[in-house]
Amino acid sequence: MPSPEVSDEAIDSYRLLSADIASGVAVVSTRLRGRDYAATVSGFLSVSYDPPTLLVSLYAESRIAEAVVDSGTWALSLLSARQRGTANWLASPGSPLEGLLNQVDYGRGPVTGAAVIEGCIAWFEVRTTQVTTAATHQLVVGEVVAMGRRASADDEADPLVHFASAYGRLA
């Protein structure tokens, strides 16, 4: 629900203007009570190199936010432009709870067991250290416990980006 002091016009303007913030596209995933959870995200950032720390922003009322917070561990797979279909599938509202990853090529992270998208530019396994509520979202901060690459050299140079409310490429 919008804050009473913020007008609908201001919210609409913010939504329009903030869509012009270019960002990478990733999949955040976790495993909780034997079930996989995953969703496409564009709100994430590197917080620190020492120790390696990431932050992801998740809609507080989503299944992925609840699962990430409850499990305490998660993975972030940075997608290449070739993985637009995976991004679209995992961004779909109302995606199935059972069989969510049946049409996604993935492996397991060696530390957390969370799904890591095959062919991703980079992947990080993360142990949550802090969760903060900010407006309608949960900001989940965590220490990186494992990381690597799963992409070809061509895909590493061609990340999937989100800009102007759509997926695109740098090239």
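This is a guided tour of a predicted model, taken stop by stop in your viewer.

**Stop 1: the seven-stranded sheet**

Start by colouring the strands β3, β2, β6, β9, β10, β5 and β4. In that order they make up an open sheet of seven strands, with antiparallel pairing. Find the edges next: β3 (35–41) and β4 (44–49) each have a single partner strand, so one side of each is left without a neighbour in the sheet. Look along the sheet and you can follow its twist, since neighbouring strands are turned by 30° against each other on average, direction ignored.

**Stop 2: strand β2 and its two partners**

Select residues 26–32, which form β2. On one side is β6 (residues 73–78), antiparallel to β2 and joined to it by four bridges. To check the register, show alanine 26, which stands opposite leucine 78 in β6, and then valine 28, which faces leucine 76 in β6.

Now turn to the pairing with β3. Seven bridges join β2 to β3, and these strands also run antiparallel. A handy marker here is serine 29, opposite alanine 38 in β3. Follow the chain from β2 into β3 and you pass through a hairpin with two residues between the strands. Pause at arginine 33 in that turn, where phi is positive, at about 50°.

How many of the seven residues of β2 are buried? Six are, so β2 is largely enclosed by the rest of the structure.

**Stop 3: helices on the sheet**

Add helix α2, residues 63–71, which packs on the sheet. Its contacts take in β2, β3, β5 (52–59), β6, β9 (122–134) and β10 (137–148). Compare directions on screen: α2 makes about 55° with β2.

Then bring in helix α3, residues 84–91, which also packs on this sheet, touching β2 and β3. The direction of α3 makes about 110° with that of β3.

**Stop 4: the three-stranded sheet**

Keep α3 on display and select β1, β11 and β12. These three strands form a second stop for sheet-watchers: an open, antiparallel sheet in the order β1-β11-β12. Its edge strands are β1 (23–24) and β12 (166–169), each pairing on one side only. Two bridges hold β1 to β11 (residues 160–163) in the antiparallel sense, and serine 23 stands opposite histidine 162 in β11.

Helix α3 is here too, lying across β11 and β12 and running at about 165° to β12.

**Stop 5: the buried side of α3**

Which residues of α3 are buried? Show Thr86, Ala87 and Leu90 as sticks. They cover an arc of only 100° around the axis, which puts them on the same side of α3. The cover over these residues includes β2, β3, β8 (115–117), β11 and β12.

**Stop 6: two nonpolar cores**

Stay with Leu90. In the largest nonpolar core, which has 19 residues, the residues with the most contacts inside it are Leu79, Leu90 and Leu101. The elements giving two or more residues to this core are α3 and β8, and the largest share, three residues, comes from β8. For the surroundings of leucine 90, select Val27, Ala38, Ala39, Thr40, Leu100, Leu101 and Val104, which are its contacts once neighbours within four places in sequence are left aside.

A second, separate core of 18 residues is worth its own colour; among its members are Ala39, Val41, Ile64 and Val144.

**Stop 7: salt bridges**

The structure holds nine salt bridges, and a few make good selections. Begin with arginine 150 and glutamate 118, whose side chains meet at 3.0 Å, N to O. Arginine 150 lies in the loop between β10 and α4 and glutamate 118 in the loop between β8 and β9, so the pair ties together parts that are 32 residues apart in sequence. Arginine 150 is partly exposed at 25% relative accessibility, and glutamate 118 is partly exposed at 30%.

Next, select arginine 169 and aspartate 158, a salt bridge at 2.2 Å, N to O. Arginine 169 sits in β12 and aspartate 158 in the loop between α4 and β11, eleven residues apart. Is aspartate 158 buried or exposed? Its relative accessible area is 11%, so aspartate 158 counts as buried. Besides Arg169, aspartate 158 touches Ser80, Ala81 and Ile121, not counting residues up to four places away in sequence.

For the last view, show Arg31, Asp36 and Arg108, which salt bridges with shared partners join into one network.

Methods:
Residues numbered from 1 in each chain as written. Predicted model: local features only at pLDDT ≥ 70, side-chain atom pairs only at ≥ 80, totals over all residues. Heavy atoms only, no water. Pairing = 2+ DSSP bridges. Axes fitted to C-alpha atoms, helices over the stretch in contact; angles between N-to-C directions. Contact = heavy atoms within 4.5 Å. Buried < 20%, exposed > 50% of the residue type's maximum accessible area, 1.4 Å probe, protein only. Arc of directions from axis to C-beta. Core = buried A, V, L, I, M, F, W, Y, C linked by side-chain atoms within 4.5 Å. Salt bridge = Lys/Arg side-chain N within 4 Å of Asp/Glu carboxyl O.
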